[in-house]
Amino acid sequence: MTIPNSKKIYPRSNDFETIYLKNVITKTNIKVGDFTIYNDFCNDPRDFEKNNVLYHYPINHDRLIIGKFCSVACGAKFMMNSGNHTLKSLSNYTFPIFGEEWDETLKPKDAWDNKGDIIIGNDVWIGYQAVIMSGVKIGDGAIVGTRAVVTKDVPPYTIVGGIPAKAIKKRFNDEVISCLLKLEWWNFTNEKIAKNIPFIQAGDIDWLKNL
Ligand SMILES: CC(C)(COP(=O)(O)OP(=O)(O)OC[C@H]1O[C@@H](n2cnc3c(N)ncnc32)[C@H](O)[C@@H]1OP(=O)(O)O)[C@@H](O)C(=O)NCCC(=O)NCCS
């Protein structure tokens, strides 16, 4: 049994497309949990903040929070609030950010509607080129299909796909989901996780119930 080192950037020798995302985050309003992976075969995965977290200007104070043990596939994007031109205005044009041009008293913050933080739970798998819209919360163990556009909250252990993303199915029955949510295996010690990987991988529901 080996004990992993979540402090490094590349978990696999000779694979520079896959990173422990937490270790490349520089912004205080982005939080990522241990062991969450980002893979990028088009761009340098270390440029995640620039390439994948879009319209994230400090003025809206919105946060992107991603839990532990998530898998974020290449090109998944998080649309933060400075992408939401306000719908309260009669115009779509962002006059408030061009105060120098039009009216110095305009407040830049009024250019956008703030729908809140994006919060991703633990053990969530976000598929290739999926887009998560601002304000959306995705529960533990959920899956976002390839190229989905997620506009609404996703319950735990639910698979969603399409535009706008809709539930395709649950990963497990309600009893198993409830066990998993109580168990929160992602908060076990690394030693305990390592010891139990064979049961987790085997989809061993009896192991789950007997814990
Ligand atoms: C969402 C996903 C997990 C579903 O897997 P699955 O349950 O084995 O999928 P199935 O092929 O049995 O499809 C189940 C249904 O979902 C639909 N579906 C599958 N993937 C979908 C997607 N990305 N968007 C919309 N609908 C999708 C299928 O058409 C099918 O619909 P139906 O029940 O009306 O016939 C999978 O298709 C997917 O998108 N995985 C992500 C792959 C990826 O991006 N990997 C990146 C590298 S990590």
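Asparagine 60 is buried, because its relative accessibility is 4% and the cut-off for that class is under 20%. The model in which asparagine 60 sits is a predicted one. The residue belongs to the loop that connects strand S4 (53-54) with strand S5 (64-66). Apart from neighbours within four places in sequence, the contacts of asparagine 60 are Asn81, Ser82, Lys109, Trp112 and Asn114.

Tyrosine 55 is also found in the loop between S4 and S5. At 40% relative accessibility tyrosine 55 counts as partly exposed. The phi angle of tyrosine 55 is near 55°, a positive value in a residue that is not glycine.

A further buried residue is serine 6, with 11% relative accessibility. Serine 6 is placed in the segment before strand S1 (18-20). Leaving out neighbours within four places in sequence, serine 6 is in contact with Tyr20, Asn23, Asp34 and Phe35.

**Backbone geometry**

Most residues other than glycine have a negative phi, and most peptide bonds are trans. Against that background, arginine 147 has a positive phi, near 60°, and is not a glycine. Arginine 147 lies in the loop between strand S12 (143-144) and S13. With a relative accessible area of 51%, arginine 147 is exposed, since that class begins over 50%.

Which form does the peptide bond from isoleucine 163 to proline 164 take, cis or trans? The bond is cis, with omega near -10°. Proline 164 is located in the loop between strand S14 (158-161) and strand S15 (166-170).

**The four-stranded sheet**

Four strands form an open sheet in the order S4-S7-S10-S13, and their pairing is parallel. S4 and strand S13 (149-150) are the edge strands, each pairing on one side only. Strands of a sheet pair through backbone hydrogen bonds, either parallel or antiparallel. How many bridges join strand S10 (residues 131-132) to S13? There are two bridges, and S10 and S13 run parallel. Isoleucine 132 stands opposite valine 150, a residue of S13.

The sheet also ties in with residues described above. S4, one of its edge strands, comes before the loop that holds asparagine 60 and tyrosine 55. S13, the other edge strand, comes after the loop that holds arginine 147.

**Pockets**

Rolling a probe the size of a water molecule over the atoms shows where empty space is left. The two pockets described here are set out in the table.

| Pocket | Volume | Lining residues | Lining by class |
|---|---|---|---|
| Largest pocket | about 460 Å³ | 24 residues | 18 nonpolar, three polar, three charged |
| Second largest pocket | about 320 Å³ | 13 residues | ten nonpolar, three polar, no charged |

In the largest pocket, the lining residues that lie nearest the centre are Asp123, Arg171, Phe172, Trp185 and Ile200. The elements giving two or more residues to this lining are helix H3 (174-183), helix H4 (190-201) and helix H5 (205-210). Which element gives the most to the lining of the largest pocket? H5 does, with three residues.

In the second largest pocket, Pro4, Phe69, Ile193, Ala194 and Ile197 are the lining residues nearest the centre. Six residues of this lining come from H4, which supplies the largest share. H4 is thus named for both pockets: it gives two or more residues to the lining of the largest pocket and six residues to that of the second largest pocket. As to class, the lining of the second largest pocket has no charged residues, whereas that of the largest pocket has three.

**The protein as a whole**

The protein contains five helices and 15 strands. Its C-alpha trace spans about 65 × 40 × 25 Å along the principal axes. Of the 211 residues in the protein, 43% are buried, and asparagine 60 and serine 6 are among them. The protein exposes about 12,000 Å², of which carbon and sulfur atoms supply 54%. Among the contacts between residues at least 6 apart in sequence, 48% join residues at least 24 apart.

Terms used: Residues are numbered from 1 along each chain as its sequence is written. This is a predicted model: local features need pLDDT of at least 70, side-chain atom pairs count only at pLDDT 80 or more; totals for chains, interfaces and linings use all residues. Side-chain values use heavy atoms; hydrogens and water are left out. Buried means under 20% relative accessible area, exposed over 50%, partly exposed in between (1.4 Å probe, protein chains only). Contact means heavy atoms within 4.5 Å. Two strands pair if DSSP finds at least two bridges between them. On a 1 Å grid over the protein atoms alone, a cavity is a set of points where a 1.4 Å probe fits but cannot get out, and a pocket is an open set with protein on both sides within 12 Å along at least five of seven lines; lining residues have an atom within 4 Å of a point. Grid points are joined across faces, edges and corners, and a volume is the space filled by probe spheres set on the points. Ala, Val, Leu, Ile, Met, Phe, Trp, Tyr, Cys and Pro count as nonpolar, Asp, Glu, Lys and Arg as charged, and the others, Gly among them, as polar. Accessible areas come from the Shrake-Rupley method with a 1.4 Å probe; for residues, only the protein chains shown count as cover.
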